[in-house]
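Here are a few exercises to work through with the structure open beside you. Try each task before you read its solution.

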Amino acid sequence: MEQIKPLMAAILPLLCAVFACNSNEIGESRDVNQDKIYLDYDIAYVEGDENVTLTFQYRFAGSAGTTLVLNDPSQVTLDGEKLKADSSDGSGAFYEINKNFTRFSGKHNISFTDMNGKRFENNFEFFPVSLAERPAAATLTKDLVIHFNAGAHGPNDHIAISSLATDSSFYYQQSGSPTSITIPAAELMRQKGPEIQFETIIYREFPLTQTTSEGGLLKLTYRLKPVKIVLQR
């Protein structure tokens with residue numbers, strides 16, 4: 001585990017690295033080498049929202065390349081449902097769909113077909129993430145361990161936890177199994193208020209089993225509701 005800067009200071013450079021360098025230019029898939037199309041799949045959920053948002057992009061020549069509109073007969077489907085191209089948010093061409101959270105748990109299939117009719121099938125399983133147990137209170141002199149129900153996990157997962165509404169902020173992250181994270185007693189003792197409030201984000205990355213030679217990646221992000229815990233002094 002590593003203590004680093006507070007949440008925004010830590011996340012902003014990451015966001016810049018991920019998004020600022022990505023091209024938002026739009027091209028057409030019929031104009032590029034089909035084997036040089038990068039498959040970029042993103043799944044995001046915020047606890048309490050009605051829907052899970054799935055966004056798929058196809059880029060020419062790498063993860064930061066020009067975004068592509070898929071020309072017929074090229075297409076992408078989610079569980080057999082064909083998706084339509086969009087470009088309304090300024091991030092280039094993308095394919096997006098919302099699915100009801102309560103009905104989305106389980107196994108799903110993303111199928112991409114290129115201009116040559118070659119199909120790339122990738123399956124994934126969506127596991128809701130939640131607190132396994134919410135402590136009623138925390139003792140200042142003891143580490144606070146937060147446990148999560150997170151389903152299966154992999155080596156490319158990591159979990160981040162950050163304080164909210166405090167003058168003694170903290171941010172922690174750890175890689176690997178996102179089933180628990182510890183807030184050290186030293187951090188609790190720095191808090192001046194009667195309670196501690198924090199939020200948790202769990203990130204997951206899954207390599208795709210079927211891709212072009214350019215590769216691809218499936219990313220899942222779960223943002224949990226902020227939690228308040230009373231501090232016992």
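## Exercise 1: Confidence

Task: Find the average pLDDT of the protein chain and the share of residues that score at least 70.

Solution: The protein chain averages a pLDDT of 88, and 89% of the residues score at least 70. Over residues 1-20, however, the pLDDT is below 50. Beyond near neighbours in sequence, that stretch has 26 contacts in the model. Keep in mind throughout that this is a predicted model.

## Exercise 2: A four-stranded sheet

Task: Give the strand order of the open sheet that four strands form, and explain why one side of S7 and of S11 is left without a neighbour in the sheet.

Solution: Start with the order, which runs S7-S6-S10-S11 with antiparallel pairing. Strand S7 (81-82) and S11 stand at the edges with a single partner strand each, so one side of each has no neighbour in the sheet.

Next, look at strand S6, residues 75-78. Its pairing with S7 is antiparallel and runs over two bridges. With strand S10 (residues 106-113), S6 pairs in the antiparallel sense over four bridges.

Now go residue by residue. Thr77 has Lys82 as its bridge partner in S7, and Thr77 also stands opposite Ser111 in S10. Leu78 stands opposite Glu81 in S7.

Last comes the turn. S6 and S7 form a hairpin with two residues between them, and Asp79 in this turn has a positive phi of about 50 degrees.

## Exercise 3: Backbone details in two loops

Task: Where does Pro73 lie, and is the peptide bond from Asp72 to Pro73 cis or trans?

Solution: Pro73 lies in the loop between strand S5 (66-69) and S6. The Asp72 to Pro73 peptide bond is cis, with omega near 10 degrees.

For the other loop, turn to Ala61, which is found between strand S4 (51-60) and S5. Ala61 has a positive phi, near 65 degrees, in a residue other than glycine.

## Exercise 4: A three-stranded sheet

Task: Which strands are the edge strands of the open sheet S12-S14-S17?

Solution: First, note that the three strands are joined by antiparallel pairing in the order S12-S14-S17. The edge strands are S12 (130-131) and S17 (180-183), each of which pairs on one side only.

Then zoom in on one pairing. S12 meets strand S14 (residues 144-149) in the antiparallel sense over two bridges. Here Leu131 stands opposite Phe148 in S14.

## Exercise 5: The second largest pocket

Task: Which element gives the most residues to the lining of the second largest pocket?

Solution: Begin with the space itself, about 170 Å³. The lining residues include Ile110, Asn122, Asn123, Phe124, Glu125, Phe206 and Leu218. Two elements give two or more residues to this lining, namely strand S11 (119-126) and strand S18 (195-207). S11 gives the most, with four residues.

Finally, sort the lining by class: six residues are nonpolar, three are polar and one is charged.

## Exercise 6: Aromatic rings

Task: How many aromatic pairs does the structure hold, and which residues do ring pairs link into a cluster?

Solution: The structure holds 11 aromatic pairs, counting rings whose centres lie within 6.5 Å. Ring pairs link Tyr41, Phe56, Tyr58, Tyr95, Phe112 and Phe120 into a cluster.

Definitions and conventions:
Residues are numbered from 1 along each chain as its sequence is written. This is a predicted model: local features need pLDDT of at least 70, side-chain atom pairs count only at pLDDT 80 or more; totals for chains, interfaces and linings use all residues. Side-chain values use heavy atoms; hydrogens and water are left out. On a 1 Å grid over the protein atoms alone, a cavity is a set of points where a 1.4 Å probe fits but cannot get out, and a pocket is an open set with protein on both sides within 12 Å along at least five of seven lines; lining residues have an atom within 4 Å of a point. Grid points are joined across faces, edges and corners, and a volume is the space filled by probe spheres set on the points. Ala, Val, Leu, Ile, Met, Phe, Trp, Tyr, Cys and Pro count as nonpolar, Asp, Glu, Lys and Arg as charged, and the others, Gly among them, as polar. Two strands pair if DSSP finds at least two bridges between them. Rings of Phe, Tyr and Trp (its six-membered ring) pair if their centres lie within 6.5 Å; planes under 30 degrees apart count as stacked, over 60 as edge-to-face and the rest as tilted. pLDDT is the predictor's confidence in each residue, from 0 to 100. Contact means heavy atoms within 4.5 Å.
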